[in-house]
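Trainee: I have a new structure open and I'd like to learn how to read it. Can you walk me through it, feature by feature?

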Amino acid sequence: MDSIQIQPDSKMQANAETSPRDRQYWFTDADENQALALRYTGEILYDKTSEFQRVRIIETYGYGKTLTIDNMVMCTEKDEAHYHETIAHPAILAHGAVKDVLVIGGGDGGTVREILKHPEIERVVMVEIDANVIEACKLHLPTLSQSFSHPKLDLQVGDGLKFIADAAAESYDLIIIDGSDPVGPAEGLFSAEFYRNCQRALKPNGLLVTQAESPAFHQTVFAELNACLKKIFGADRVYVLLFQIPTYPSGIWSFQLASNGAIDPRKVSSESVAAFERENNLQYYNAEIHQAAFALPNYVKKMLAESLS
Ligand code: SPD
């Protein structure tokens with residue numbers, strides 16, 4: 001699989017014909033055929049453009065402060081837990097003995113916040129390419145960035161593609177790819193070379209979880225990524241997790257999980273998930289969600305089967 005391109009066409013919109021008090025400001029995250037729109041106050045709390053991308057934080061009415069990158073919604077205060085709990089806990093609980101974790105991307109901090117809820121984890125290395133994302137979230141999204149000073153976290157600003165190409169073989173129990181959509185600096189995070197390097201850096205029983213877009217919004221990216229992972233890890237060692245997230249286009253999003261050994265992530269003790277959920281007061285993930293996340297609608301199964309043929 002070569003890297004995949006999608007063409008977002010999003011914009012900030014304000015209706016100039018109304019009085020300032022009634023003016024409607026909408027942030028839209030769109031492709032050429034559909035969009036997700038969030039109404040915001042008009043105030044932009046953070047706005048910086050780096051060599052990689054434009055990072056903004058806006059204050060939305062329905063979902064609180066919202067991080068956007070290049071006109072795409074990355075996370076909102078209200079529903080970020082759906083994403084960050086699901087990217088972290090199913091894999092960690094299914095593995096059962098995760099000690100060394102690598103996160104590529106994840107500059108808002110939500111993923112490392114969730115990972116560090118597991119006391120048995122000894123070391124988390126996080127490699128984010130854009131220091132502005134970290135700065136924006138430290139300044140305006142403390143509920144996400146609260147773990148950046150955790151003693152187990154080694155937070156690095158750098159290129160995740162280079163980091164994984166240089167990583168020692170068999171060094172991580174879990175690798176999480178918490179990237180943005182496959183345009184700009186995240187494009188390489190959807191390439192076969194990148195995932196081959198990840199597999200090399202995983203321990204024999206290690207797991208990989210990657211942000212995999214939406215089966216209802218980015219069908220091609222979703223299906224090609226699945227086929228790519230199956231070629232590298234084996235067709236019976238790649239799993240799709242679906243979850244709901246109201247502020248991403250289509251409201252349904254996915255992670256794909258690849259197992260480098262015999263671990264089947266669907267098999268987890270419901271008691272251990274329930275105990276973890278109780279101790280950590282989670283907002284989204286629970287034992288029923290763990291099982292349900294792996295259940296795929298027929299249209300998704302068909303899409304995945306066709307992408308292999
Ligand atoms: N279109 C949204 C894609 C989301 C990618 N990552 C979000 C970062 C959350 N840590």
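Mentor: Sure. Let's start with one pair of residues: Tyr172 stands opposite Leu202 in strand 11. Keep in mind that this is a predicted model.

Trainee: Tyr172 sits in strand 10, then. How many bridges join strand 10 to strand 11, and are the strands parallel or antiparallel?

Mentor: Strands 10 and 11 run parallel, with five bridges joining them. Another pair to click on is Ile176, whose bridge partner in strand 11 is Val209.

Trainee: What about strand 7 and strand 10, how do they run?

Mentor: Those two are parallel as well, and five bridges join them. Look for Val101, which has Leu174 in strand 10 as its bridge partner.

Trainee: What is the order of strands in the whole sheet?

Mentor: Reading across, you get 9-8-7-10-11-13-12, which is an open sheet of seven strands with mixed pairing. Its edges are strand 9 (153-157) and strand 12 (238-244), each of which pairs on one side only. On average, neighbouring strands here are turned by 15 degrees against each other, if you ignore direction.

Trainee: Which helices pack on this sheet, and which strands do they touch?

Mentor: Helix 6 is one of them: it touches strand 7, strand 10 and strand 11, and its direction makes about 145 degrees with that of strand 11. Helix 7 packs on the sheet too, touching strand 11, strand 12 and strand 13 (252-259). The direction of helix 7 makes about 10 degrees with that of strand 13.

Trainee: Is strand 10 mostly covered or mostly open?

Mentor: Mostly covered: seven of its seven residues are buried.

Trainee: And which residues of helix 6 are buried?

Mentor: First, the general idea: an α-helix has 3.6 residues a turn, so residues three or four places apart point the same way. In helix 6 the buried ones are Ala192, Phe194, Tyr195, Asn197, Cys198 and Ala201. They pack against strand 7 (100-105), helix 5 (160-166), strand 10 (172-178), strand 11 (202-211) and helix 7.

Trainee: How should I describe two helices that pack together?

Mentor: Two packed helices are described by the angle between their axes and the distance between the axes. Try helix 6 (residues 192-201) and helix 7 (residues 219-233): their axes come within 10 Å and cross at roughly 40 degrees. That angle makes helix 6 oblique to helix 7. The crossing of the two is right-handed.

Trainee: Which residues make that contact?

Mentor: From helix 6 you have Ala192, Tyr195, Arg196 and Gln199, and from helix 7 Leu225, Cys228, Leu229, Ile232 and Phe233. Sorted by class, this contact has seven nonpolar residues, one polar and one charged.

Trainee: At what angle do helix 7 and helix 10 pack?

Mentor: Helix 7 and helix 10 (residues 298-308) pack at about 60 degrees, with their axes 9 Å apart. So helix 7 is oblique to helix 10. The crossing is right-handed here. Helix 7 brings Gln219, Phe222, Ala223, Asn226, Ala227 and Lys230, while helix 10 brings Val300, Met303, Leu304, Ser307 and Leu308. By class that contact comes to seven nonpolar, three polar and one charged residues.

Trainee: Now single residues. Is Ser180 buried or exposed?

Mentor: Ser180 counts as buried, because its relative accessibility is 13% and the cut-off for buried is under 20%. You'll find Ser180 in the loop between strand 10 and helix 6. Leaving out residues up to four places away in sequence, Ser180 touches Met74, Ala186, Phe190, Gln211 and Glu213.

Trainee: And what is the relative accessible area of Arg123?

Mentor: Arg123 has 33%, so this residue is partly exposed. Arg123 lies in strand 8 (residues 123-128). With the residues up to four places away in sequence set aside, Arg123 touches Lys99, Asp100, Val101, Lys152, Ser171 and Tyr172. You've met Tyr172 already, opposite Leu202.

Trainee: One last thing: what joins strand 2 to strand 3?

Mentor: A hairpin does, through four residues. Strand 2 (residues 25-30) and strand 3 (residues 35-49) pair in the antiparallel sense over six bridges. To see one such pair, find Asp29, which stands opposite Leu36 in strand 3.

How values were computed. Residues numbered from 1 in each chain as written. Predicted model: local features only at pLDDT ≥ 70, side-chain atom pairs only at ≥ 80, totals over all residues. Heavy atoms only, no water. Axes fitted to C-alpha atoms, helices over the stretch in contact; angles between N-to-C directions. Parallel < 35°, antiparallel > 145°, perpendicular 65-115°, else oblique. Left-handed = near helix turned anticlockwise from the far one by under 90°. Contact = heavy atoms within 4.5 Å. Nonpolar A, V, L, I, M, F, W, Y, C, P; charged D, E, K, R; others polar. Buried < 20%, exposed > 50% of the residue type's maximum accessible area, 1.4 Å probe, protein only. Pairing = 2+ DSSP bridges.
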